[in-house]
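Biologist: Please show me the model, so that we may discuss its fold and its backbone.

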Amino acid sequence: SSQFVMYDAVSNLWIKKASPLFHHKPATGLACVGNKVYLFGDVADAKNNQNVECFDPALNQWTAVAPFPGKLGEHFYTGSIGQDIYVVSPKFLYRYNTTTDLWHQLSKLTTRLCINDVWAHAGKLYCVNMSMTLMFVYNPETDSWSKEDLPNMP
């Protein structure tokens with residue numbers, strides 16, 4: 001069965017919390033908005049893992065939210081900006097609004113890229129490739145991507 005644990009840094013302990021509604025596999029996405037944790041994907045079918053659920057630590061409870069509108073697959077990444085969660089892959093970009101429980105398809109990366117990681121900073125999404133030689137930045141205000149220079153790795 002799936003387990004969900006929380007680390008208490010003050011007590012230096014792991015605390016078992018309520019189990020997720022769906023049995024998730026390791027290829028999942030997590031994102032935090034406010035005081036809630038959102039979990040994407042499930043174990044049943046890697047090609048059709050549309051399940052999304054939200055954990056409220058105050059209630060120690062999971063709730064199913066709007067399913068992902070397409071097929072997540074196994075290689076997707078998440079980042080949150082404000083009340084929105086962005087789900088990124090080489091094939092798509094979607095925004096989930098946690099307030100309205102609605103999904104919106106956005107402009108995907110047009111450059112072929114094997115993504116290593118995605119993160120949000122200062123209102124934008126940053127995406128780097130596996131060799132850490134390319135970085136693309138998504139601007140939600142213009143729904144556009146730009147290529148940014150990365151310094152050489154030491």
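The exchange below concerns this predicted model.

Biologist: How many helices and strands does the secondary structure of the protein chain come to?

Modeller: From the N terminus on, every element in the order β-β-β-β-β-β-β-β-β-β-β-β-β-β is a β element. The count for the protein chain is therefore zero helices and 14 strands.

Biologist: Is the protein chain as compact as a globular protein of its length, and what is its radius of gyration?

Modeller: For 154 residues the globule rule gives 15 Å, and the value for the protein chain is close to that, so the chain is as compact as a globular protein of that length. The C-alpha trace spans about 45 × 35 × 30 Å along its principal axes. The radius of gyration is 16 Å.

Biologist: Is asparagine 12 buried or exposed?

Modeller: Asparagine 12 is placed in the loop between strand S1 (4-8) and strand S2 (13-17). This residue is not a glycine, yet its phi is positive, at about 55°. Exposed means over 50% relative accessible area. Asparagine 12 has 54% relative accessibility, so it counts as exposed.

Biologist: Which loop holds aspartate 143?

Modeller: Aspartate 143 is a residue other than glycine with a positive phi, near 50°. Its relative accessibility is 29%, so aspartate 143 counts as partly exposed. The residue lies in the loop between strand S13 (135-139) and strand S14 (144-148).

Biologist: How far apart are the mean positions of the positive and negative charges?

Modeller: The protein chain carries 12 positive and 13 negative charges. The distance between their mean positions is 6 Å.

Definitions and conventions: Residues are numbered from 1 along each chain as its sequence is written. This is a predicted model: local features need pLDDT of at least 70, side-chain atom pairs count only at pLDDT 80 or more; totals for chains, interfaces and linings use all residues. Side-chain values use heavy atoms; hydrogens and water are left out. Helices (H or I, at least four residues) and strands (E, at least two) are DSSP runs, numbered from the N terminus. The radius of gyration is taken over C-alpha atoms; the globule rule is 2.2 Å times the number of residues to the power 0.38. Lys and Arg count as positive and Asp and Glu as negative; His and the chain ends are not counted. The place of a charge is taken as NZ of Lys, CZ of Arg, CG of Asp or CD of Glu. Buried means under 20% relative accessible area, exposed over 50%, partly exposed in between (1.4 Å probe, protein chains only).
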